[in-house]
Amino acid sequence: MTDGVLFVHAFPLDARMWQEQQSALAGAVPVAAVNLPGFGGTSLAGEIMTMELAAERVVEELDRLGFDRAMVCGLSMGGYVALELWRRHGDRILGLVLANTRAEADSEEGKERRRLVAELVLSEGTEAILEQMRTLVSLEATTDVWDFVAGIVRSQPPEAVAAASLGMAERPDSRPDLPGIDVPTLVVTSTGDRLIPPEVTSSMAETIPDATLAVIDGAGHLSNVERTIEFNRLLEAHLARCGLLEQRPGR
Ligand code: MLT
């Protein structure tokens with residue numbers, strides 16, 4: 001039986017956003033990052049990438065990797081997918097990291113914004129939403145961080161971005177599922193997150209029975225990209241808690 005770590009990316013990025021986490025864990029534990037349908041050069045799941053379709057893509061990846069179970073780490077949209085995976089295939093999950101994400105469904109205004117994003121990228125291309133994507137990073141983010149993020153966003157096909165935007169709009173309210181999550185869960189938020197306020201993410205840790213909360217000071221929405229060292233320390237401690245990694249001294 002192989003257990004491993006699987007990372008699920010945010011919108012509208014791809015598996016490359018986890019490169020620092022993958023390198024930090026390589027050799028210590030089986031580790032991989034999935035590309036959701038249409039992202040990172042993979043094939044689309046259709047005009048709407050529902051969280052159900054995305055979760056099925058994650059299961060295919062677990063099967064391909066030969067992972068019976070995984071500690072699934074999802075950030076933002078990756079967290080929505082991780083929660084859907086929990087509902088559909090909870091037996092494949094041995095632990096969770098829910099980073100900079102939320103359990104609530106979109107409001108009507110939020111759904112409308114998603115439709116507008118989809119229309120814009122389909123008519124003008126992914127570049128057209130690049131400026132609005134600056135909120136993925138904090139106001140203090142370095143140029144290097146933004147260039148890294150922008151490079152990944154720019155390379156995603158408009159059809160994938162539109163399909164994910166429409167799919168997120170359809171996602172259900174996951175709050176009723178939180179009390180039933182019975183695997184060790186790390187909830188991560190960051191004070192500079194301009195997309196999902198820390199209190200929204202933090203509230204998940206109050207409802208999930210075996211959850212711990214970590215707040216990364218100053219980092220923006222993509223906390224793993226902006227504060228790699230801190231994020232990786234939290235991750236390693238959580239993997240030790242899940243029995244996947246020996247805790248290193250001093251961590
Ligand atoms: C993400 O980073 O995945 C998105 O901000 C999620 C969202 O738009 O709700």
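In this predicted model, Thr126 sits in the loop that connects helix 4 with helix 5. Its relative accessibility is 6%, and Thr126 therefore counts as buried, the cut-off being under 20%. Once neighbours within four places in sequence are set aside, the contacts of Thr126 are Val121, Val153, Arg154, Gln156, Pro157, Pro158 and Val161.

Two of these contacts, Val153 and Arg154, lead directly to helix 5, which covers residues 143-154. With 12 residues at 1.5 Å a residue, helix 5 should span 16 Å, and the distance between its end C-alpha atoms, 16 Å, agrees with this expectation. The buried residues of helix 5 are Val145, Trp146, Val149, Ala150, Ile152 and Val153. Viewed down the helix axis, these buried residues fall within an arc of 160°, so they line one face of helix 5. Exposed residues Thr143 and Asp144 are carried on the face turned away from that buried side. The packing partner of the buried residues of helix 5 is helix 8, residues 223-226. Val153 thus appears twice in this picture, as a buried residue of helix 5 and as a contact of Thr126.

Attention can now turn to the open and enclosed spaces of the model. The largest pocket holds about 590 Å³ of space. It is lined by 23 residues, of which Phe11, Arg102, Arg113, Arg114 and Leu195 are the closest to its centre. Helix 3 (77-89), helix 4 (108-124) and helix 6 (158-169) are the elements that each give two or more residues to this lining. Among the elements, helix 4 gives the most, with four residues. By class, the pocket lining comprises 10 nonpolar, seven polar and six charged residues.

As for enclosed space, one cavity of 30 Å³ or more is found when the whole structure is searched. The volume of the largest cavity is about 50 Å³. Its lining consists of Met51, Tyr80, Leu83, Glu84, Arg87, Arg102, Ala103, Glu104, Arg171, Pro172 and Ser174. Helix 3 supplies the largest share of this lining, four residues. The cavity lining divides into five nonpolar, one polar and five charged residues. Arg102 belongs to the lining of the cavity and is also listed with the residues closest to the centre of the largest pocket.

Several loops of the model carry backbone features that deserve a look. The peptide bond joining Phe11 to Pro12 is cis, with omega near -10°. Pro12 is located in the loop between strand 1 (3-8) and helix 1 (19-25). Its partner in the cis bond, Phe11, is one of the residues closest to the centre of the largest pocket, which ties this loop to the pocket described above.

Positive phi values occur at Ser76 and Asn100, neither of which is a glycine. For Ser76, phi is about 55°, and the residue lies in the loop between strand 3 (69-75) and helix 3. Ser76 is buried, with a relative accessible area of 8%. For Asn100, phi is near 45°, and the residue is placed in the loop between strand 4 (93-99) and helix 4. Asn100 is likewise buried, at a relative accessible area of 0%. The loop of Ser76 thus runs up to helix 3, an element that lines both the pocket and the cavity, while the loop of Asn100 runs up to helix 4, the leading contributor to the pocket lining.

Technical notes: Residues numbered from 1 in each chain as written. Predicted model: local features only at pLDDT ≥ 70, side-chain atom pairs only at ≥ 80, totals over all residues. Heavy atoms only, no water. Expected span 1.5 Å × (residues − 1). Buried < 20%, exposed > 50% of the residue type's maximum accessible area, 1.4 Å probe, protein only. Arc of directions from axis to C-beta. Contact = heavy atoms within 4.5 Å. 1 Å grid on protein atoms, 1.4 Å probe; cavity = no way out; pocket = protein on both sides within 12 Å on 5 of 7 lines; lining within 4 Å. Points joined across faces, edges and corners; volume = space filled by probe spheres on them. Nonpolar A, V, L, I, M, F, W, Y, C, P; charged D, E, K, R; others polar.
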